[in-house]
Amino acid sequence: MGFLFSCAEKILLKCKKPDTMTASERLTQARKYNQKHPFAMPTDNQVRYKKMMIEQYPCIIMRPHDGKGKGAVLYIFGGGGLMSAWKPQLAMARKTAQDSGADVWYPIYPLGTEVSLAETLRILTEVYRTMLKKYPAEKIIFEGGSSGASAALALILMNIKKSNSDRLPMPAAVIAHSPSSIPLSEPEWKQMEQKAESDFMCSINIVKNCQELFQELDDAEQWMISPAHGDYTGAPPLYLFYGGHEMLSSCVPYFAKSFRKAGITFRIHTEPGMFHCYSMFPVTKESMKSYCAGIRIIRRIIQSEIRK
């Protein structure tokens, strides 16, 4: 970690205010934010944009100007499953398209402010189903950050749970940046609370609010909100990135245990001293290294030959 970033982190931690917001207040806050940030198609010329409607929800498709459309990323933005943070994360989705050469599908999916988590996952599944009409599954990668990363993993778990006749072919891989997972035990909560002390971005109260909103009010199934404890038998290769100073890195041993139990290919990298979703934002030497690792995964997949 660089000296300037280390100093900035200390300042941000000192300035971090206690989070005492109730679940109801957080829901109201998210709804106000979403109303102020409605969807609008990008107007820049950095990539080629196309809009596709998935039922009543828009999906932005980005293709780099020299892109060949040989593969695609289903890029799921984060925001706690409540905030429509599509605009601030659009730049990273666009950069992923530019740096990897892949098409990037960026759905403006329905959130927990308006629909159930099950409905959110259904719409994201429909996005993937549409992608499968244009690309082979071996050339599609799921990617997301924070709650978007959790949604990407939940899509895998949901597909595994389906009957063989309803199951879709698995994507080539999942790249998950700091996926969230609600703890299931008191020791797990305590580990997350300890980690929260070094996290200048997130608070343990956010996780507790989400537990109340999605589990108690929405009646979401456990695997939807606690993907660290899901059954990943039959999942594609999974690549997870966490910052060592972020609260959610307490989920690492639980994800690793579930992945090992399923006998799947996976890699979890925790970068010492780094922040939430650091690997999505190449602003430090460490974050650039992990961001580029994700880009290499995408490039390798879209450039590889499909086995007959």
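Two strands count as paired when DSSP finds at least two bridges between them. The model described here is predicted, and the pairing of its strands is the natural place to start.

**The sheet**

Strands β1 and β2 run antiparallel and are joined by seven bridges. Within this pair, K51 stands opposite I60 in β2. The two strands form a hairpin with two residues between them. E55 lies in the loop between β1 and β2, where its phi is positive, near 55°, although E55 is not a glycine. The relative accessible area of E55 is 43%, so this residue is partly exposed.

The hairpin belongs to an open sheet of eight strands, ordered β1-β2-β4-β3-β5-β6-β7-β8, with mixed pairing. Its edge strands are β1 (48-54) and β8 (266-271), each of which pairs on one side only. On average, neighbouring strands of the sheet are turned by 20° against each other, direction ignored.

Three further pairs of neighbours, β5 with β6, β6 with β7 and β7 with β8, are parallel. The table lists each with a residue pair that stands opposite across it.

| Strand pair | Sense | Bridges | Opposite residues |
|---|---|---|---|
| β5 (140-145) and β6 (173-177) | parallel | five | E143 and I175 |
| β6 and β7 | parallel | four | H177 and F241 |
| β7 and β8 | parallel | six | G243 and E271 |

Strand β7 is mostly covered, with six of its six residues buried. In a regular strand the side chains alternate between the two faces of the sheet. In β7, L238, L240 and Y242 point one way, while Y239, F241 and G243 point the other way, and all of them are buried.

After β5 comes a loop that leads to α5, and S146 is located in it. S146 has a positive phi of about 60° without being a glycine. Most residues other than glycine have a negative phi, and most peptide bonds are trans. Unlike the partly exposed E55, S146 is buried, with a relative accessible area of 15%.

**Helices on the sheet**

Helix α3 (residues 86-100) packs on the sheet and touches β1, β2 (57-63), β3 (72-76), β4 (103-107) and β5. The direction of α3 makes about 165° with that of β4.

Helix α9 (residues 252-262) lies across β7 (238-243) and β8, and runs at about 170° to β8. The buried residues of α9 are V252, Y254, F255, A256, S258, F259 and A262. These residues pack against α5, α6 (186-196), β7 and β8. G263 follows α9 and has a positive phi, near 70°.

**Helix against helix**

Two packed helices are described by the angle between their axes and the distance between the axes. For α4 (residues 117-131) and α5 (residues 147-161), the angle is about 80° and the axes are 10 Å apart. The two helices are therefore roughly perpendicular to each other. On the α4 side the contact is made by L121, R122, L124 and T125, and on the α5 side by A151, A154, L155 and M158. By class, the contact of α4 with α5 has six nonpolar residues, one polar and one charged.

**Cysteines**

A disulfide is a covalent bond between the sulfur atoms of two cysteines. How many disulfides does a search of the whole structure find? The search finds zero. The cut-off for a disulfide is a pair of cysteine sulfur atoms within 2.5 Å. For C59, the closest cysteine sulfur is in C277, at 20 Å, which is too far for a bond. For C277, the closest cysteine sulfur is in C202, at 7.7 Å, also too far for a bond. C59 is buried, with a relative accessible area of 0%. C277 is buried too, with a relative accessible area of 6%.

Notes
Residues are numbered from 1 along each chain as its sequence is written. Side-chain values use heavy atoms; hydrogens and water are left out. Buried means under 20% relative accessible area, exposed over 50%, partly exposed in between (1.4 Å probe, protein chains only). Axes are lines fitted to C-alpha atoms, for helices over the stretch in contact, and angles run from 0 to 180 degrees between N-to-C directions. Contact means heavy atoms within 4.5 Å. Angles under 35 degrees count as roughly parallel, over 145 as roughly antiparallel, 65 to 115 as roughly perpendicular and the rest as oblique. Ala, Val, Leu, Ile, Met, Phe, Trp, Tyr, Cys and Pro count as nonpolar, Asp, Glu, Lys and Arg as charged, and the others, Gly among them, as polar.
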